Amino acid sequence: MIVHTITTLAVYCPSCGRLEFRELSLFNFSGTSIWQVKCVCGMPLISVSKKGKHFVLYYNCLTCDSSHNLTCCRSHLWTEGLLTLICNETDLEVGFIGSREKVQQAVQNHEHSLTEMADNLGINDFFEEP
């Protein structure tokens with residue numbers, strides 16, 4: 001049985017809109033119980049804290065300008081699957097956690113969906129580089 005100890009995180013910054021990628025190791029929690037990520041612009045993006053056998057994720061939301069939390073077990077974070085961070089207000093995707101390949105694929109699909117939505121709404125006609 002393979003125990004995964006590294007997971008990839010991709011989350012959008014609510015301040016500048018930048019997509020930040022980070023790797024999270026299970027060993028980050030040996031000695032401390034909180035792991036935090038800030039954008040290069042300085043905005044706090046996400047913090048993960050260990051509470052017993054569970055992990056609590058607090059993330060700032062790009063779409064509703066508030067913060068959300070999600071409680072999950074270790075197997076949801078360190079797996080070959082994909083965990084999608086959702087805005088509780090709008091049900092839109094604001095980040096992804098999982099294997100590097102699955103996170104990269106989810107980001108590509110998400111950006112493609114946003115481009116299609118902008119095309120359908122005619123928003124791209126208003127900008128030189130949307």
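Modeller: Let's start with one word: buried means under 20% relative accessible area, exposed means over 50%, and partly exposed is in between (1.4 Å probe, protein chains only). This is a predicted model, where local features need pLDDT of at least 70 and side-chain atom pairs count only at pLDDT 80 or more, while totals for chains, interfaces and linings use all residues. Residues are numbered from 1 along each chain as its sequence is written, and side-chain values use heavy atoms, leaving out hydrogens and water.

Biologist: Okay, why is Cys72 called buried?

Modeller: Its relative accessibility is 6%, which falls under the cut-off, so Cys72 counts as buried.

Biologist: And what makes Cys64 partly exposed?

Modeller: Cys64 has 23% relative accessibility, which lies in the in-between range, so partly exposed is the right label.

Biologist: How do you know that Cys64 is in no disulfide?

Modeller: A disulfide needs a pair of cysteine sulfur atoms within 2.5 Å. A search of the whole structure turns up 0 disulfides. For Cys64, the nearest cysteine sulfur belongs to Cys87 and is 3.6 Å away, so the pair misses the cut-off. Cys72 is in no disulfide either: its nearest cysteine sulfur, from Cys73, sits 6.6 Å away.

Biologist: What makes up the protein as a whole, in helices and strands?

Modeller: There are 2 helices and 8 strands, counted as DSSP runs numbered from the N terminus (helices: H or I, at least four residues; strands: E, at least two). Along the sequence the pattern reads β-β-β-β-β-β-α-β-β-α. As for cover, 35% of the 130 residues count as buried.

Biologist: Why do you say that strand 7 and strand 8 pair?

Modeller: Two strands pair if DSSP finds at least two bridges between them; here 5 bridges join strand 7 to strand 8 (residues 93-98), so they pass. They run antiparallel, and Leu85 stands opposite Gly95 in strand 8.

Biologist: What makes strand 2 and strand 7 edge strands?

Modeller: The open sheet has 4 strands in the order 2-1-8-7, with antiparallel pairing. Strand 2 (19-25) and strand 7 (82-86) each pair on one side only. Neighbouring strands here are turned by 20° against each other on average, direction ignored; the axes are lines fitted to C-alpha atoms (for helices, over the stretch in contact), with angles from 0 to 180 degrees between N-to-C directions.

Biologist: Why is Thr8 called buried?

Modeller: Thr8 has a relative accessible area of 5%, so it meets the buried cut-off. You'll find Thr8 in strand 1 (residues 6-12). Leaving aside residues up to four places away in sequence, Thr8 touches several others, including Phe21, Phe96, Ile97 and Val103; contact means heavy atoms within 4.5 Å.

Biologist: How do you know that strand 4 pairs with strand 3 and with strand 5?

Modeller: Count the bridges again: 5 join strand 3 (residues 34-38) to strand 4 (residues 44-51), and 6 join strand 4 to strand 5 (residues 54-60). Both counts reach the pairing minimum, so both pairs hold. Gln36 has Ser47 in strand 4 as its bridge partner, while Lys50 stands opposite Phe55 in strand 5.

Biologist: Which glycine has a positive phi in each hairpin?

Modeller: Between strand 3 and strand 4 there are 5 residues, and Gly42 in that turn has a positive phi of about 100°. The hairpin of strand 4 and strand 5 has 2 residues between the strands, and Gly52 takes a positive phi near 65° there.
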